[in-house]
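Here's a quick tour of how the pieces of this model fit together. Have a look at the structure first, and then we'll go through the contacts.

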Amino acid sequence: MTLRSNLKSDFPLLEQQFHGQQLVYLDSANTSQKPRAVIDAMTCYYETTNANVHRGSYELAVRATGALEGARAKVGAFINAASSSEIVFTKNATESMNLLAHCWGEHSLTAGDAVVITEMEHHANIVPWHMLRARKGIELRWIPVDESGHLDLSDLDRLLDGAKLLSVTAMSNVLGTLNPIAALAETAHDAGALMAVDASQYVPHVPTDVQALGADFLVFTGHKMLAPMGIGVLWARAEHLEAMPPFLGGGEMILNVTKDGFTTNDVPWKFEAGTPMVAEAVGLGAAVDYLSDLGMDNVRQHEVELTAYALRTLSERHGDKITVHGPAEPAERGGVMSFAYGDVHPHDVAQVLDQSGIAVRAGHHCAKPLMDVLGTSATSRASLYVYNDKSDLDKLADALSAVDDIFSF
Amino acid sequence: MIGLEDLYREIILDHYRTPRNRGELETPPARRAEGFNPLCGDEIIVYLQVDDAGVIDDVAIGGQGCSISQSSASMMSVAIKGRTVEEARKLIVAFKGLMSIHETDIGGDGSETALGIDLEGTSDGMQLGDLEALRGVVKFPIRIKCATLSWNTLAQALND
C-alpha cells in the first residue's frame, strides 16, 4: 500500500463502535471524516486567532485575516490556480455552482442560449440550470451515458453547436467514472463555449491542476476532502470573475457605498458578502496540508489499488448476485462503487450492513436523471478514502452475506 | 441491543415477497394518489375504489420501494379493503400512533383507545391483520418514513 498503514489512527471518529462492531466508514463520497490535524487547527484558530477579518486594525484581526487569506493561498496552490484571487470561498459546491449559474449565467446568457450538461450530473449541476432556464429561457442539452458508464460523446459536436457552456462532473458520484475533462474543455473552446467542472469528487482524490485541465470554472467542497462542512470553493479564471456581477450584497463585497449605490470590491471578495467562515477555511487549509503531506499521487494510487481489490473481492465472494455500476477498469474510475445486490432494495442492504458497523449510502445520490438511465430508483454505494484499507472491504464482503441470509427468496 | 429480527419479521418479509393487491385500477372510477420519499426515491401509488355507501370495495398498490415500504403498503391494502372511508381514516391515525407519530388533525388524538381501535386485536370488530408486525420499525427511526409512505398516500387518496 502506498499510504501509511496506521492512517486510521489520525481520525478520532473512526475509533467508535456501532452495534458492537468497529465502525467501517464507506461513505466518503457523501462526506469524509476529519483528521486530528484539521480539528486541532480549527480549535487553535478559536483559541488564539479569532477576530473579524478585513476590518480590525489591531494585531489579532490582522492575524485572523492572515489565517483566512493563508488558507486561500493553500487552496490555490493545491489546484495550481494562477493566483489565489481566483479562489472564491462559498458554503459548499452547490453554492459555488449556483453562484456560477446566477452571476455568470445571468450576465452572459440570453434566451435561447444553450448550456450542455450530462446525464451523470449531481443535482447541484442540474437544478441551478433548470432554475436559470425558468428565469431566462436558456436551453439545456444532455450528453448521454453509455452502458459501460462512460459519457457517450458521439454526438458532442452537435450538442455543442452554438452552446455557451459545457458543465461536466470530473468524476461521477454514482458511477465513479473519470471524465476526460481536458479533452472536453478543448472541444468546448473550439466550439466557442466555456467549460465548467464539478470537481466535488475529483479534487479530494486526484491530483488537480486547473490550468492543465483547461477549464474556465471549477467547483468543489471542503467536507469531502477531510475539511469541515460549511466551506466550498469556486475557482474561475480571473477574467471571468472580473466580468461577473456580484452574488450576494452586503459587507466585504463593496469598495464604497453611498445613498445612490455601491461599487464592488476586487475579486475574490466581490463574491464573499458578509463575515466569512474563517475557522472552516483554516480547517480546509489544514486538510490541504494533510493531503499534500500524503501526496495526491499516493492518494490516487491507494484508491486505484483499493478499488481493484474491492471489485475483485466482491465479485469473487458474491458472483452474479452483485452488480457494480460504472467502468470495470479501476484506472478509469474513482473509489465510488454503486451496486445492486440481487433484487434487495438498497435501503435494506444499508440497514443490514449497518448492523455490522458498516456505513454505506443507499438512495438516488442526488442524481435522479442518472437513476433513470440505470433503470433503477436507488443504489447502494460504498465509497473509499485515504483511511480505508483492505480489511474494510473484507468486512463489507462478509456482511453482504447477511443480506443474502435475510432476503434470499 | 436492537436486532435486525425486530425489523425483518417473517410476516413482513412474506408481504414483501408476495405483495397483496398489487396492480392498478381504472381511473375513474377509482381514485389514484402517488407518494414519494425524496430521501430514497421510493414511490407508492394507491388506487381506491369507493362505492356509493362509502365502502372501499377495491384497492390496488403500485410503485416500488424497500421491504418496509412495500410490506406496509401490502398490509395496509388488506386492512382497508371492505372498510368504510371513515374506518380507513381511523386506521391511518392508529397506524401512525403505532409509529409514534401522533397527529391531532385527522379527527382524533391518535391514541388507540380514543379511536376505539385495538391494534393488538379486534376490539371494535376491525381486523388489523398483520400490521402489528411493523411495531419494530419504531426502533429504527430512519425507517418510519418507509412504513408510513403508503399510509400518507392513502390519506391523500381519501381526501381527493
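In this predicted model, 24 residues of domain 1 of chain A are in contact with 23 residues of domain 2 of chain A. On the domain 1 side, four elements of chain A each bring at least two residues to that contact: helix H10 (296–318), strand S14 (336–341), helix H12 (368–374) and strand S17 (379–383). H10(A) gives the largest share, with 5 residues.

As for where the domains sit in the sequence, domain 1 of chain A is made of two stretches, 7–30 + 296–407, while domain 2 covers 38–293. Taken over C-alpha atoms, their centres are 28 Å apart.

Now for the other contact, the one between chains. Here 15 residues of chain B are in contact with 16 residues of chain A. Helix H1 (4–7) and strand S2 (42–50) of chain B each put at least two residues into the side that touches chain A.

Here's how the two sides break down by residue class:

| Side | Nonpolar | Polar | Charged |
|---|---|---|---|
| Domain 1 of chain A, touching domain 2 of chain A | 11 residues | 7 residues | 6 residues |
| Chain B, touching chain A | 8 residues | 4 residues | 3 residues |

What about chain B itself? Chain B has 5 helices and 3 strands, and along the sequence they run α-α-β-β-β-α-α-α. Of the 160 residues in chain B, 42% are buried. If you take the contacts in chain B with a separation of 6 or more, 62% of them are between residues 24 or more positions apart.

Terms used: Residues are numbered from 1 along each chain as its sequence is written. Chains are lettered from A and ligands numbered from 1 in the order in which they are written. This is a predicted model: local features need pLDDT of at least 70, side-chain atom pairs count only at pLDDT 80 or more; totals for chains, interfaces and linings use all residues. Two residues are in contact if their C-beta atoms, placed from the backbone, lie within 7 Å. Ala, Val, Leu, Ile, Met, Phe, Trp, Tyr, Cys and Pro count as nonpolar, Asp, Glu, Lys and Arg as charged, and the others, Gly among them, as polar. Domain bounds come from an automatic or database domain assignment. A residue is buried if 20 or more other C-beta atoms lie within 10 Å of its own, exposed if 12 or fewer, and partly exposed in between; C-beta atoms are placed from the backbone.
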